[in-house]
Amino acid sequence: NPTGVFAGSGEMGVTGITYSPLDPALFVSLVYDVAGDKFARVIKAHLGPDRKSVAAVDTVFQGVRVNYSHQVHAVTIGPDSMLYVNIGDGLQSQTAQNLNDLRGKILRMTRDGQIPADNPIPGSYIYAYGFRNPFGAAFRPGTSDLYISDNGPNVDDRIVKVAPGSNY
């Protein structure tokens, strides 16, 4: 309800958006609530022929438990046509080092949400790990270099050139 009261605090709702001319579609990252628990989701809004309307919506990725802050953020299409998704540590810093937990990571997936066979950690969405709260993401034009912004607690924000499989 766009005119209703938006309950909660922190960074909630839509957290990232990118356009893919390959599909054509919008990829939208968001936080959703199930009985008070917060989870990350990425949806793919397939655009109609006019590219001004949405013809269908699919869920591409979901289910990672997050928090009111340090959750799913930027979604980016790489020069390899893959979808890159930033997920914060969920206010639990130990998750960033745990390769069995998708929090504190940059994820790489197909535009339909599948794990690419050539990901740096076979069978995993994880592209890189060890992040606190990675907000922004952009690829350097003409290269495959991914840069992200990772927010520090009160200071020490950083810009990181992300190498596949690396720990930050």
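From the N terminus onward, the elements of this chain follow the order β-β-β-β-β-β-β-β-β-β-β. The chain therefore holds eleven strands and zero helices, since helices and strands are both read from DSSP runs. The model under discussion is a predicted one.

The overall dimensions come next. The C-alpha trace spans about 40 × 40 × 30 Å along its principal axes. For 168 residues, a compact globule would have a radius of gyration near 15 Å, and the 16 Å of this chain agrees with that value. The accessible surface of the chain amounts to about 8,600 Å², and carbon and sulfur atoms account for 52% of this surface. Of the 168 residues, 46% are buried. Among the contacts with a separation of 6 or more, 42% join residues that stand 24 or more positions apart.

The interior may be approached through the largest nonpolar core, which has 20 residues. Within this core, the residues that touch the most other members are Val42, Phe61, Leu83, Val85, Ile87, Leu107 and Met109. Several strands supply at least two residues each to the core: β2 (25-34), β3 (37-47), β4 (54-66), β5 (72-77), β6 (83-87), β7 (105-109) and β8 (126-129). The largest share, four residues, comes from β4.

Val85 offers a view of the surroundings of one core residue. Leaving out residues up to four places away in sequence, Val85 touches Val42, Val72, Ala74 and Val75, and also Lys105, Ile106, Leu107 and Met109. Apart from the largest core lies another core, of eleven residues, which includes Met82, Ile106, Leu146 and Ile148.

Attention now turns to strand β1, residues 14-20, where Thr18 is found. Is Thr18 buried or exposed? Thr18 has a relative accessibility of 17% and counts as buried, because the cut-off for a buried residue is under 20%. When neighbours within four places in sequence are set aside, Thr18 is in contact with Ala25, Leu26 and Phe27, as well as with Val75, Thr76 and Ile77.

The aromatic residues form a further theme. A pair of aromatic rings is described by the distance of the centres and the angle of the planes. A search of the whole structure finds five aromatic pairs. One of them is formed by Tyr84 and Tyr127, with 5.1 Å from centre to centre and 85° between the planes, an edge-to-face arrangement. This pair links distant parts of the chain, as Tyr84 lies in strand β6 and Tyr127 in strand β8, 43 residues apart. Tyr84 has a relative accessibility of 4% and counts as buried. Tyr127 is also buried, with a relative accessible area of 7%.

Tyr84 has a further aromatic partner in Phe139. Why is the pair of Tyr84 and Phe139 edge-to-face? The centres of the two rings are 5.0 Å apart and the planes meet at 65°, so the pair falls in the edge-to-face class, for which the angle must be over 60 degrees. This pair, too, links distant parts of the chain: Tyr84 belongs to strand β6 and Phe139 to strand β9 (residues 134-139), with their positions 55 residues apart in the sequence count. Both Tyr84 and Phe139 are buried. Tyr84, Tyr127 and Phe139 together form one aromatic cluster.

Another ring, that of Tyr32, has a charged group as its partner. The charged end of Arg41 sits over the ring of Tyr32, at 3.8 Å from the centre of that ring.

Key
Residues are numbered from 1 along each chain as its sequence is written. This is a predicted model: local features need pLDDT of at least 70, side-chain atom pairs count only at pLDDT 80 or more; totals for chains, interfaces and linings use all residues. Side-chain values use heavy atoms; hydrogens and water are left out. A nonpolar core is a set of buried Ala, Val, Leu, Ile, Met, Phe, Trp, Tyr and Cys residues joined through side-chain atoms within 4.5 Å. Buried means under 20% relative accessible area, exposed over 50%, partly exposed in between (1.4 Å probe, protein chains only). Contact means heavy atoms within 4.5 Å. Rings of Phe, Tyr and Trp (its six-membered ring) pair if their centres lie within 6.5 Å; planes under 30 degrees apart count as stacked, over 60 as edge-to-face and the rest as tilted. A charge sits over a ring if NZ of Lys or CZ of Arg is within 6 Å of the ring centre and within 35 degrees of the ring normal. The radius of gyration is taken over C-alpha atoms; the globule rule is 2.2 Å times the number of residues to the power 0.38. Accessible areas come from the Shrake-Rupley method with a 1.4 Å probe; for residues, only the protein chains shown count as cover.
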